Every structure is written in structure tokens, then in C-alpha cells.
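This report covers helix packing first, then the enclosed and open spaces in the model. The sequence and structure are shown below.

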Amino acid sequence: MFHTLQHLESSPAVEDCVRAIHALQTDNGTATTTTLAGRLGVTPGSASAMVKRLAELGLVDHAPYRGAVLTPTGTRAALEVTRHHRLLETFLAQELGMPWEQVHAEADRLEHVLSEELEALIAAKLGDPDHDPHGAPIPSRDLELPLDTSVRLGSLAVGATGTLTRVSDADPEMLRYLGEHGIGLGDALEIVDRQPFGGPVLARFGETVHPLGDLLADAMWVEVA
């Protein structure tokens with residue numbers, strides 16, 4: 001496998017940024033300076049400066065008011081660091097028993113120093129998984145993503161049924177909330193009501209109906225029955 005990051009003036013900040021842009025493009029279609037700043041936990045000015053740096057490295061194309069778009073080289077770099085990150089999350093959860101709300105932050109710290117040799121050993125130890133503990137797809141060794149046909153829970157109509165297949169790892173408090181309420185990947189669900197005027201979505205998991213606010217409902221993905 002050709003390792004893009006080894007041939008760039010890479011740094012943890014560059015790697016974090018390309019991975020964040022790829023996640024935003026995948027989930028939202030675009031990566032604006034504002035959404036990128038929120039994802040990275042930095043100011044919009046800092047996010048804008050980083051995007052300019054990525055453009056200099058040939059990793060993104062950027063136009064005012066259009067957001068950052070990864071180039072083919074940038075996409076490959078993002079998929080490499082995403083593979084590192086999600087394999088580490090899976091290892092921490094599966095082999096070390098770390099709660100799913102904690103593995104994201106730990107993987108953030110470790111992904112930048114993971115060698116390709118150790119990555120291969122971890123992947124083999126885990127049986128070459130294709131999804132991480134939050135249900136997000138893990139790029140293959142050839143940096144290809146498995147097909148994902150899931151949709152956001154918040155987009156479902158009343159009466160829709162399906163299986164929870166993925167939850168965003170961006171907010172550990174959301175993951176902790178779901179865990180405390182016994183909601184996890186693989187759970188069957190049904191949308192039983194939607195409250196008007198921005199009210200919560202009411203979703204039945206098992207025998208319990210849970211009110212899910214917009215932020216949480218849009219951070220959950222469902223494979224529709």
C-alpha cells in the first residue's frame with residue numbers, strides 16, 4: 001500500500017484536519033470553515049489557516065463560501081489516518097474493554113504515531129474488521145470503504161423501522177447517554193412520533209420509547225427495514 005502521509009510534510013494537525021474534512025464531506029456533503037472549526041474544537045480563524053496550509057500541500061481545493069474539498073491526494077491521506085484511528089478505537093474497545101465514549105479521544109492521540117507495521121499487526125489480531133465500535137466503516141488496506149446504505153435517524157418518518165448501525169463519535173456525552181439508556185448498535189427501533197416545532201423524535205427501542213433531540217437523532221444512523 002502506498003502511504004501518502006509518509007510522502008507529505010505531515011503533522012498531527014494536518015492529519016486531524018484531513019480526517020475531519022473527510023468525515024464532514026461524507027456525513028454532510030460539505031466541510032465549511034465553521035463546521036470544520038466545530039469538529040476540531042478550534043476557532044474559525046484557526047480552521048481557515050489550516051485549510052490554507054492544506055491547499056499549499058495539495059490536499060484540498062478551497063474557494064470562499066464553498067468550503068474545503070479534498071483532492072485525490074487529500075482523500076487518500078484522510079483514509080489512511082481514518083484507518084489508523086478506527087482500528088485503534090476497535091482495539092481499545094475489543095481487546096482492552098475501554099468504553100465506547102472514551103476510545104475516540106485515546107485513538108486521536110495514538111493515530112499519529114502508529115507505524116504501518118503495528119497497524120498490520122492490530123488489523124490481523126482483530127480479524128481485519130470493517131467497522132469500528134461506533135459502527136463507522138474502516139477503510140481497507142487498499143483504502144476502500146465498505147458500502148454504507150444507512151440513513152440518519154432524524155430523517156426517518158413516523159412508522160419507519162430499522163436497526164441502529166452507527167453513532168457519531170464526536171460527542172462522548174451522547175455516547176455515554178445512549179449507553180446509560182441501554183441503546184447500542186444492532187438494536188431494532190421504530191419511529192413512533194415526531195413532536196412539532198423542533199421537538200424530539202420518539203423512537204421505540206425494545207419496550208421503551210425514548211425522546212431523541214435533533215442533535216442526537218442526527219448523530220445516529222439506521223439501516224432501514
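In this predicted model, helices α2 and α3 pack with their axes 8 Å apart, at an angle of about 105 degrees. An angle of 65 to 115 degrees counts as roughly perpendicular, and α2 and α3 are therefore roughly perpendicular to each other. On the α2 side the contact uses Thr33, Leu36 and Ala37, and these meet Pro44, Ala47, Ser48 and Val51 of α3. Sorted by class, the α2 and α3 contact has five nonpolar residues, two polar residues and no charged residues.

**Helix α4 and its partners**

Helix α4 packs against α5, residues 103–110: the two axes come within 9 Å and cross at roughly 130 degrees. That angle makes α4 oblique to α5. The crossing of α4 with α5 is right-handed. From α4, the residues in contact are His85, Leu88, Glu89, Leu92 and Ala93, and they meet Val103, His104, Glu106, Ala107, Asp108 and Leu110 in α5. By class, six residues of the α4 and α5 contact are nonpolar, two are polar and three are charged.

Helix α4 also packs against α6, residues 116–126, where the axes come within 10 Å and cross at roughly 45 degrees. Here too the angle makes the pair oblique, α4 to α6. The α4 and α6 crossing is left-handed. Helix α4 contributes Arg83, His84, Leu87, Leu88, Thr90, Phe91 and Gln94 to this contact, and α6 contributes Glu116, Glu119, Ile122, Ala123 and Leu126. The classes in the α4 and α6 contact are six nonpolar, three polar and three charged. Leu88 of α4 takes part in the contact with α5 and in the contact with α6.

**Cavity and pockets**

How many cavities of 30 Å³ or more does the structure hold? There is one. The volume of the largest cavity is about 150 Å³. Its lining consists of 16 residues, and the closest to the centre are Arg39, Arg86, Ala136, Arg166 and Asp169. Elements α1 (12–28), α4 (72–94) and β4 (161–167) each supply at least two residues of this cavity lining. The largest share, four residues, comes from α1.

The largest pocket has a volume of about 670 Å³. Of the 29 residues that line the largest pocket, Leu24, Gly38, Arg39, Leu40 and Ala170 lie nearest its centre. Arg39 is thus listed here and also among the residues closest to the cavity centre. At least two lining residues of the largest pocket come from each of α1, α2 (33–40), α3 (44–56), α5 and α8 (214–217). Helix α1 gives the most to the lining of the largest pocket, with eight residues.

The second largest pocket has a volume of about 260 Å³. Its lining has 17 residues, of which Thr26, Asp27, Pro137, Asp148 and Arg166 lie nearest the centre. Two or more residues of the lining are given by each of α1, α4 and β3 (151–152). Helix α1 gives the most to the lining of the second largest pocket, with four residues. Arg166 is named near the centre of this pocket and also near the centre of the largest cavity.

The table sets out the lining classes of these spaces.

| Space | Nonpolar | Polar | Charged |
|---|---|---|---|
| Largest cavity | three residues | six residues | seven residues |
| Largest pocket | twelve residues | seven residues | ten residues |
| Second largest pocket | eight residues | four residues | five residues |

**Elements that recur**

Which element gives the most residues to the lining of the largest pocket? It is α1, with eight residues, and α1 also gives the most to the second largest pocket and has the largest share of the cavity lining. Helix α4 packs against α5 and α6, and supplies at least two residues to the lining of the largest cavity and two or more to that of the second largest pocket. Helices α2 and α3, which pack against each other, each supply at least two residues to the lining of the largest pocket.

Key: Residues are numbered from 1 along each chain as its sequence is written. This is a predicted model: local features need pLDDT of at least 70, side-chain atom pairs count only at pLDDT 80 or more; totals for chains, interfaces and linings use all residues. Side-chain values use heavy atoms; hydrogens and water are left out. On a 1 Å grid over the protein atoms alone, a cavity is a set of points where a 1.4 Å probe fits but cannot get out, and a pocket is an open set with protein on both sides within 12 Å along at least five of seven lines; lining residues have an atom within 4 Å of a point. Grid points are joined across faces, edges and corners, and a volume is the space filled by probe spheres set on the points. Ala, Val, Leu, Ile, Met, Phe, Trp, Tyr, Cys and Pro count as nonpolar, Asp, Glu, Lys and Arg as charged, and the others, Gly among them, as polar. Axes are lines fitted to C-alpha atoms, for helices over the stretch in contact, and angles run from 0 to 180 degrees between N-to-C directions. Angles under 35 degrees count as roughly parallel, over 145 as roughly antiparallel, 65 to 115 as roughly perpendicular and the rest as oblique. A crossing is left-handed if the near helix is turned anticlockwise from the far one by less than a right angle, and right-handed if clockwise. Contact means heavy atoms within 4.5 Å.
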